[in-house]
Amino acid sequence: MDRVDFRTKVLTRHLKNHHNPATDLLHIGQCVNYSPPELSEPRPDFNTKALRQLLDGESVDEIDYIFNLMIQSDLFCPRERGGKVFISPDFNQSMEHQREMTMRRIDYLRERGAFDGWLTRKGPDAELSGFTRAITVGGFDHSLGIKLGVHFFLWGGAIQFMGTQRHHDKWLKPTETYEVIGCFAMTELGHGSNVRGIETMTRYDASTQEFIITTPCESAQKYWIGGAANHATHAVVFSQLKINGVNQGVHAFIAQIRDANGNICPNVRIADCGHKIGLNGVDNGRIWFDNLRIPRENLLNSVADVSPDGQYLSAIKNPDQRFAAFLAPLISGRVTIAAGSMNITKIGLAIAVRYSLSRRAFSIRPNEPEVLLIDYPSHQRRLLPLVAKTYALSFASEYLKNIYVKRARESIKTVHVVSSALKATLTWHGMRTLQECREACGGQGLKTENHVGHLKSEFDVQLTFEGDNNVLMQQISKALLKEIVAAKRRNKPVKGLGLEHLNKPEPIIPSHLTSSALRTAQFQTDIFCLRERDLLHRFETEVSQREAQGETREHIFTVTYQIAEDLGRAFSDRLVLQTFLDVEATVPAGSLKNVLGLLRSMYTTIVMEEDASFLRYGYLSTDNAAVVRKEVLKLCSELRPHALALVTSFGFPDALLGPIAFNWIDANAWSSVKENNAVFPFLTNML
Amino acid sequence: MAPTNQVLIKESSNVRTIILNRPKQLNALSLEMISRLSEVFHLYEEDPNVKLIIMKGEGRAFCAGGDVSAVVNDINKGSWKLGANFFSKEFALNYFLATYTKPQVSLLRGIVMGGGAGVSIHGRFRVVTDNTVFAMPETALGLFPDVGASYYLSRLHGFFGEYVGLTGARLDGAEMLACGLATHFVPLEKLSLLEDALCKANSGDPKIISNIINKFSNKNPKLKEKSQYFRLKTIDRCFSRRTVEEIISALEKEADKNMDDWISWTIQSLKKASPTSLKISLRSIREGRLQGVGQCLTREYRMVCTVMRGEFSRDFFEGCRALLLDKDKNPKWKPSKLELVSNDMVDRYFAALDDKDWEDLKLPARSNLPSYAISKL
């Protein structure tokens, strides 16, 4: 009977005049109201601007400037929902339209000087600013970030790092102004992570002083080349170089693939990679070269050259080292991906946490108000550890950016290993967090306009490009092993990569852990170091035992991947903890430092709770593991009052978040159904 | 506080008409007026008998701004804190109006500048007419666009807000309607009829009010032939630049291509304005774009207190001397050039004041903020 009554009421309301809210309110007293978390939550007890400063450092002003540029242009599709304006690409448009919009947004930003000096200014500040630009626009649309990344970091970076003065003079300025649009033709259908196996072949013709690039078979077609399908005029082509019958290995060449009018050049064939699960605003393409001739000067010759008469010249005799030098530009790609993944993770969390602070479900007792999602311990457990981890990993990504832009010859190895570790760890965390945010927002998480669900497919590719995450993890372990083996051989203490703790005695873990012990930096450091040390030892033992049995190193590394990946994670987690402690040390005692302490404890505790290696290898006894598990819940309830302030400190303007982060009832009200997507709130709010 | 004749009130059943009544000073807002306005607006919000508030000015202006010369006098006689007190009251009123729950119709006849914009633009309906003149002229005075201007200017289309805020450009009624500062344009001869009609309708329903105003309005008032609104593209290209220096150099590049009166006026007005004012104004508008109105006013209060204290620059006092007191129109700014105003100097205007008696602006508590009033940054 109640149901019938309810239906009648609903129908009556449909039939009745809608402009009579007063009478509606009298009869249906239980309407759900939206209350902004800003009013219902306690005021932040720490300075959210100061916390944002720790996350974004020097880049805050530049980030905010780019937000300003994006928010003020119709090209970024401003839409009003619930009295607020949001910007977001129109994903409902066709792939071709999305690609065109990406290019138009780039033109808009370029015309306003947003890219000035990206390649022509030198020094750490200029490089940092490049990261900031690509990452910030990526928060609006991953395609826009990637399109810029390919052009500036990959194409531009290849010219900078693999080229010499003659290339810099000729190409950098026109690249910055987009007279030249670059792409990066490395991956082939048959070869991705294994760059050294690519099959594109280049010969030299001394009579005309030209190189001739050939795609010898279908598996050698260039694949996934961002920018190639529609817009790029030039490509850096990776190819084997055969001189006088000798294959000198992989080299990079500049080839023009389109003329200024966008026509594909003779002896080049280009096809589209087609529609993808995300990133459709980037025109990934495939390229075949049919004996394409390019001038001799187009070899990027920083490590090797070919003389006019066809002699191969290289300062680096060892092809392995030559190859390593070639791959330097990929590191900047990894840095962008790692930092960019934290950026969107923060967007997802800000939306999901804000929603959980305004959305209610179920009453605990009859006639009581329903409970806020975030006040359920289970919901806290879903989101708050991810917030803490995101803070930890964001500090690590800042650290990575900094060591990258300040790199020197002696630190390049560290940059390489750290960028591999963090690229994998951060992007995995990003995808996992977005999935959790999607679920935590329930059905609303499925709507594209609310971002959290959609971001998953847009960012999924991060786990693959610039090095498959699993492959990267194994590479880290190999690098670590090399370090300790070398130190032992020289009979010297281990130095670098944060491995110095190996020179000290093995840390001792208390047999009965307490809550307070779990929260000390000493214990946290000890157990993370113990895990890394032990796994490194186990890995080393297994490798040397197998070597003793006569197995080849290549074979050994393919079969020891389990422990190698455990070790990769242990290295990465210990590194992240260290950077967190370094950040904390810069903050004076007070409420901000206290919150950082809570976040760090949550970070370390959740790692111990979730990574099976702590139990598998016995760093935690089952009793201690139970203490850890309990501590997670305690930390959740202690972080709960800070939830709003913690996502506020991420520093995103409202326009970058989704409607469910704010008044989702107004955003979905009947009155909003008829309104067209009016643009500026100031014009419409008041009317 | 005893009622003042500087603010008059007309009652007509459920409608209250507030009249700014200091015509000799073009209704410039005195502390007394601000206090009285706060008082009546608070009163009317609680009073179920009040449904609609109409606001207008006596004489030929709506309101020419805050009474700055009085503020300067106070400061010269006593302490900068007297100035701070004035602005804390004014900004709290601006916030109250921006988050007001009942509709306010402002009839903007004649001049609407600075503080006058602050008591009208935040309201729901802004009705302009044939002789309306709007401007935020503060940068010429050594101040910056305050009263929540960093909120409403930053929300105009593209970078028009930067243009209006930095140059002090004057907009007429048609331009205000076109850019969104006004919601309606009603020809001068129909304004009093509109007022009567609103009183007669005696309604607080925004839709009904809007329909009534619509009946009297000209939906498409013609922009004058040389309207700056036709220059939106150029404004957008130049005023979107990151720094004031880059904005000026972009304008100069445009001038090289196509020099005309408007562009040379624009460049001149930037060169005449206080360099410090220009830099803090630009940053204020850019930050305001990412903030809610409460945060905008809180930040502006920090800025205005820093200006009043005059520790880093005394341009405000110099501007008032040159434009309001001595009227030689030749202010000597210090620092005198944009390049002498460093980022560090700008930063100081945005930080909390280092003074033990000073506090951040206290916004009046609101029980139910509209979502556009809140921003998280």
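**Strands, helices and odd backbone spots in a predicted two-chain model**

Q: How many of the five residues of strand 5 (residues 210-214) of chain A are buried?
A: This is a predicted model, and burial here means under 20% relative accessible area. On that basis strand 5 of chain A is mostly covered. The count of buried residues is four of five.

Q: Which residue is the bridge partner of A:Tyr204 in strand 5 of chain A?
A: Strand 4 (residues 201-205) of chain A runs antiparallel to strand 5 of chain A, and five bridges join the two. In that pairing, the residue in strand 5 that bridges to A:Tyr204 is A:Phe211.

Q: Which residue in the hairpin of strand 4 and strand 5 of chain A takes a positive phi?
A: The hairpin leaves four residues between its strands. One residue there has phi near 55 degrees, and that is A:Gln209.

Q: What is the bridge partner of A:Ile212 in strand 11 of chain A?
A: Strand 5 of chain A also pairs with strand 11 (residues 292-295) of chain A, in the antiparallel sense and over four bridges. Look along strand 11 for the partner of A:Ile212 and you land on A:Arg293.

Q: Which strands of the open sheet in chain B stand at the edges?
A: The sheet has six strands in the order 1-2-3-4-6-9, with mixed pairing. An edge strand has a single partner strand, so one of its sides is left without a neighbour in the sheet. The two that fit are strand 1 (7-12) and strand 9 (184-185) of chain B.

Q: Which residue in strand 3 of chain B does B:Arg16 stand opposite?
A: Strand 2 (residues 15-20) and strand 3 (residues 52-57) of chain B are joined by six bridges and pair in the parallel sense. Across from B:Arg16, in strand 3 of chain B, stands B:Ile53.

Q: What angle does the direction of helix 9 of chain B make with that of strand 6 of chain B?
A: Two helices are worth checking on this sheet. Helix 8 (residues 191-201) of chain B touches strands 1, 2, 3, 4 (104-108) and 6 (125-128) of chain B, and its direction makes about 160 degrees with that of strand 3 of chain B. Helix 9 (residues 206-216) of chain B packs on the sheet too, touching strands 3, 4, 6 and 9 of chain B, and its angle with strand 6 of chain B is about 5 degrees.

Q: Which helix of chain B do the buried residues of helix 5 of chain A pack against?
A: Helix 5 (residues 60-71) of chain A reaches 16 Å from its first C-alpha to its last, close to the 16 Å expected. Of its 12 residues, 11 are buried, including A:Tyr65 and A:Leu69. Within chain A the buried residues pack against helix 4 (48-56), strand 2 (84-87), helix 6 (95-111) and helix 7 (124-140), and from chain B the packing partner is helix 13 (275-288).

Q: Why are helix 5 and helix 7 of chain A called oblique?
A: Their contact brings in, among them, A:Ile66 and A:Phe67 from helix 5 and A:Thr132 and A:Thr136 from helix 7. The crossing is right-handed, with the axes 10 Å apart. Angles under 35 degrees would count as roughly parallel, and 65 to 115 as roughly perpendicular. The helices are therefore oblique, their angle being about 40 degrees.

Q: Is A:Arg105 buried or exposed, and at what relative accessible area?
A: A:Arg105 sits in helix 6 of chain A. Leaving aside neighbours within four places in sequence, its contacts include A:Phe76, A:Cys77 and A:Asp141. A:Arg105 is buried, at a relative accessible area of 3%.

Q: Which residues does the cis peptide bond with omega of about 0 degrees join?
A: Look in the loop between helix 15 (315-325) and helix 16 (343-350) of chain B, where B:Pro335 lies. The bond joins B:Lys334 and B:Pro335.

Q: What is the relative accessibility of A:His451?
A: A:His451 is not a glycine, yet has a positive phi of about 70 degrees. Its place is the loop between helix 13 (412-440) and helix 14 (452-459) of chain A. A:His451 counts as buried because its relative accessibility is 8%.

How values were computed. Residues are numbered from 1 along each chain as its sequence is written. Chains are lettered from A and ligands numbered from 1 in the order in which they are written. This is a predicted model: local features need pLDDT of at least 70, side-chain atom pairs count only at pLDDT 80 or more; totals for chains, interfaces and linings use all residues. Side-chain values use heavy atoms; hydrogens and water are left out. Two strands pair if DSSP finds at least two bridges between them. Contact means heavy atoms within 4.5 Å. Axes are lines fitted to C-alpha atoms, for helices over the stretch in contact, and angles run from 0 to 180 degrees between N-to-C directions. The expected span of a helix is 1.5 Å times one less than its number of residues. Buried means under 20% relative accessible area, exposed over 50%, partly exposed in between (1.4 Å probe, protein chains only). Angles under 35 degrees count as roughly parallel, over 145 as roughly antiparallel, 65 to 115 as roughly perpendicular and the rest as oblique. A crossing is left-handed if the near helix is turned anticlockwise from the far one by less than a right angle, and right-handed if clockwise.
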